[in-house]
4 protein chains.
Amino acid sequence: MAALQRRLAEFAVARDWGQYHTPKNLAAALSVEAGELVEIFQWLTPEESARVMADRESAARVEDEVADVLAYLLQFCDVLGVDALAALAAKIDRNEKRFPAPGNGHSME
Amino acid sequence: MAALQRRLAEFAVARDWGQYHTPKNLAAALSVEAGELVEIFQWLTPEESARVMADRESAARVEDEVADVLAYLLQFCDVLGVDALAALAAKIDRNEKRFPAPGNGHSME
Amino acid sequence: MAALQRRLAEFAVARDWGQYHTPKNLAAALSVEAGELVEIFQWLTPEESARVMADRESAARVEDEVADVLAYLLQFCDVLGVDALAALAAKIDRNEKRFPAPGNGHSME
Amino acid sequence: MAALQRRLAEFAVARDWGQYHTPKNLAAALSVEAGELVEIFQWLTPEESARVMADRESAARVEDEVADVLAYLLQFCDVLGVDALAALAAKIDRNEKRFPAPGNGHSME
């Protein structure tokens, strides 16, 4: 992931795109790409949505939008110095306390 | 990243949340969290947006939303069997051909 | 609708919010509110989503988010001089040609 | 606005699209279109965003996305029986109490 983040940063520098890559713009771009991912599923039933990778064309579209979302997330984190993996690990730790699993702690005894 | 993806999957299984985690719902949840990230920046100037991590409270909010976006992206990829890092690497390869850097290939000579 | 648009404009002027109300920021705010509307439905089945107004609290939340979306849409149109109703009427005209109804024109004869 | 809402409803009925028009799907479609509106502005400076209607092509794109956002908002409200204008009027009333204008009540005296 760090290697991809570096490639994205070099890509932007080489094209002089840094001026556009404010955190505000990158957050907007991320949400635009997330919207394009939602668009693939918007009229599908839950069951149809689970079979989306069986169709070659829609599978390629899903992978393309996933790549775009991850690209803007990594670029956003890069310009702000945020460690996305550490942020997620900390969040999972917090959520494990906030939403204890039913079997943990023998809560029914 | 694979370890976090596994923790998220176990977390959902332990709470019987799998029934809610259709690709359609996870894509929607991802876009909702991307919207919450945009919300932090919506009234800021580009310059203010670049200083958002200097304030302790808004820095924590940014990290929290980044964690949420990444969590839903990883869960989405997990239920569909998409390799996000491979998808992004392939996309960067394509983009390097599509948008050649000005200095590459000595295009001005 | 014109009266509400005027009230929103006066509201913003009285609070000196005009400086924040660039088209870019208002479009972002509109998408943030649309995300909050999606959030109400994100884990619901299609059937549950159709019954959302039966619960007093979620009905109030839906109405609140609808108001926010419409407010930002009207303010966006106001700052750019866009007539939303005329734009929609023109779009429906175009779509009626693009997607002819099956019964119209006896296309099967 | 009521006439446009009726045209949209008839349009959907004539094409048998009612099955897709759950509140959940219409809210998602609304947010997708809001994302497409944001996309127009995502790399623009605040100043450039204010001049977007001066370019014929981007003006048409803005009007098209405004029409789409309004169309899905009206269809969403139609299937749930929400009165968008009444919801917005009520919200402005509440906000006038929540954010009093500086000049009201002579707060500086």
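These are my notebook entries on how the chains pair up and where some charged residues sit.

**Setting up.** I am working with a predicted model, where local features need pLDDT of at least 70, side-chain atom pairs count only at pLDDT 80 or more, and totals for chains, interfaces and linings use all residues. Residues are numbered from 1 along each chain as its sequence is written, chains are lettered from A and ligands numbered from 1 in the order written, and side-chain values use heavy atoms, without hydrogens and water.

**Chains A and B.** I superposed the copies by least squares on the C-alpha atoms of residues with pLDDT of at least 70 in both. Chain A falls on chain B after a rotation of 180° with 0.0 Å of shift along the axis, at an RMSD of 0.0 Å. The two copies are thus related as by a two-fold rotation axis. Which residue of chain A comes closest to the rotation axis? I found Ser31(A), with its C-alpha at 3.1 Å. Counting contact as heavy atoms within 4.5 Å, I see that 100% of the contact residues of chain A recur in chain B.

**Chains C and B.** A rotation of 180° with 0.0 Å of shift also superposes chain C on chain B, with RMSD 0.0 Å. Here Gly35(C) has the C-alpha of chain C nearest the axis, 2.9 Å from it. The copies meet through the same surface, because 100% of the interface residues of chain C are also interface residues in chain B.

**Salt bridges.** I looked for a side-chain nitrogen of Lys or Arg within 4 Å of a carboxyl oxygen of Asp or Glu, and the count over all chains is 20 salt bridges. One of them links Asp93(B) and Arg7(A) at 2.8 Å, N to O. Asp93(B) lies in helix α5 (residues 84-98) of chain B and Arg7(A) in helix α1 (residues 2-14) of chain A, so this pair joins two chains.

Definitions and conventions
Helices (H or I, at least four residues) and strands (E, at least two) are DSSP runs, numbered from the N terminus.
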